[in-house]
Amino acid sequence: MLPIEAIKCLNAAVDIYTDMGRFTIAAKHHITIAEIYESELVDIEKAIAHYEQAADYYKGEESNSSANKCLLKVGAYAAQLEQYAKAIEIYEQVGSSTMDNPLLKYSAKEYFFKASLCHFIVDELNAKLAVEKYEEMFPAFSDSRECKLLKKLLDAHEEQNCEAFTEAIKEFDSISRLDQWQTTMLLRIKKTIQGDEGDLK
């Protein structure tokens, strides 16, 4: 079946299940549609819309962890599309909802780290204030390697010191591998340092 045909069928199924009040199944179909837009049709804006719809349905059914999974997809794509305010809002929201959960609080530092990177791309001062805010909200963030990295990067950026910026990233990456998304965001920040060569080597 062609991707467009599959989406038509899935949308029809979504309509039926929402009419029946079966929102969890409707949410799953929205995720399937989003994945088709992601991988086969490469229409990220449409993928975002379907992940958001799935998140709304999951929230309505009190399935917060499923809603958060969808929102994190939206946050990652929003940042890639340079919609930083939207990404920050999502990462802060998910970070806040996970930091009080004993099983999930370990992940909260990652979400606050990602929110900080988005802030940093927009404005260095914003990033500084954001890091301070996250440390107050979630004291465990202060001791994390992510927070220490952010502080080193902020210092290097303030001094417009490309070498120190790259060195801090290398040191972090040698222990905790940075993923593709984080690397992309760090490169965008690094490009705002004068005389940057445009890579992380």
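# Close-up views of a predicted helical chain

**Figure 1. Helix α6 is the main contributor to the largest pocket.** With five residues, α6 gives the most to the lining of the largest pocket. (A helix is a DSSP run of H or I of at least four residues, numbered from the N terminus; a strand is a run of E of at least two.) This is a predicted model, where local features need pLDDT of at least 70, side-chain atom pairs need 80 or more, and totals for chains, interfaces and linings use all residues. Residues are numbered from 1 along each chain as its sequence is written, and side-chain values use heavy atoms, without hydrogens or water.

Now for the pocket itself, an open set of points on a 1 Å grid over the protein atoms alone where a 1.4 Å probe fits, with protein on both sides within 12 Å along at least five of seven lines. Its volume is about 180 Å³, meaning the space filled by probe spheres set on the points, which are joined across faces, edges and corners. Both α6 (105–122) and α8 (145–158) supply at least two lining residues each.

**Figure 2. Who lines the largest pocket?** Look for Tyr 106, Ser 107, Lys 109, Glu 110 and Phe 113, which are among the lining residues. Further along the sequence, the lining also includes Arg 145, Glu 146, Phe 172, Ser 176, Arg 177, Leu 178 and Gln 182. (Lining residues have an atom within 4 Å of a point.) Sort the lining by type and you get four nonpolar, three polar and five charged residues. (Asp, Glu, Lys and Arg are charged; Ala, Val, Leu, Ile, Met, Phe, Trp, Tyr, Cys and Pro are nonpolar; the others, Gly among them, are polar.)

**Figure 3. Leu 117 sits in the largest nonpolar core.** The largest nonpolar core has 67 residues, and Leu 117 is one of the five that touch the most other members, alongside Tyr 91, Phe 141, Leu 153 and Trp 181. (A core joins buried Ala, Val, Leu, Ile, Met, Phe, Trp, Tyr and Cys residues through side-chain atoms within 4.5 Å.) You'll find Leu 117 in helix α6. It counts as buried because its relative accessibility is 0%. (Buried is under 20% relative accessible area, exposed over 50%, partly exposed in between, with a 1.4 Å probe and protein chains only.) Leaving out residues up to four places away in sequence, Leu 117 touches Leu 150, Trp 181, Gln 182, Met 185, Leu 186 and Ile 189. (Touching, or contact, means heavy atoms within 4.5 Å.) Arg 188 is 71 residues from Leu 117 in sequence, yet their C-alpha atoms are 9.5 Å apart in space.

**Figure 4. Leu 153 and His 157, and the residues they touch.** Not counting residues up to four places away in sequence, Leu 153 touches Phe 120, Phe 165, Ala 168, Ile 169 and Leu 186. His 157 belongs to helix α8. It is buried, because its relative accessible area is 9%. Setting aside neighbours within four places in sequence, the contacts of His 157 are Phe 120, Glu 124, Ile 189, Thr 192 and Ile 193.

**Figure 5. Two loop residues with positive phi.** Glu 82 isn't a glycine, but its phi is positive, at about 65 degrees. Its spot is the loop between α4 (64–80) and α5. Glu 82 counts as exposed because its relative accessibility is 54%. Gln 160, also not a glycine, has a positive phi near 55 degrees. Look for Gln 160 in the loop between α8 and α9 (162–175). A relative accessible area of 30% is why Gln 160 is called partly exposed.

**Figure 6. Around the start of the chain.** Leu 2 falls in the segment before α1. It is exposed, because its relative accessible area is 59%. The C-alpha atoms of Leu 2 and Leu 117 lie 38 Å apart, with their positions 115 residues apart along the chain. Thr 18 is part of helix α1. With 17% relative accessibility, Thr 18 counts as buried. Beyond its neighbours within four places in sequence, Thr 18 contacts Phe 23, Ala 26 and Tyr 57. Among the elements of the chain, helix α1 (residues 3–19) has the lowest mean pLDDT, 81, while helix α5 (residues 84–98) has the highest, 93. (pLDDT is the predictor's confidence in each residue, from 0 to 100.)

**Figure 7. Zooming back out.** The chain has ten helices and zero strands. Of its 201 residues, 47% count as buried. The C-alpha atoms fill a box of roughly 60 × 35 × 30 Å along the principal axes. Among contacts with a separation of 6 or more, 53% join residues 24 or more positions apart. The average pLDDT is 87, and 96% of the residues score at least 70.
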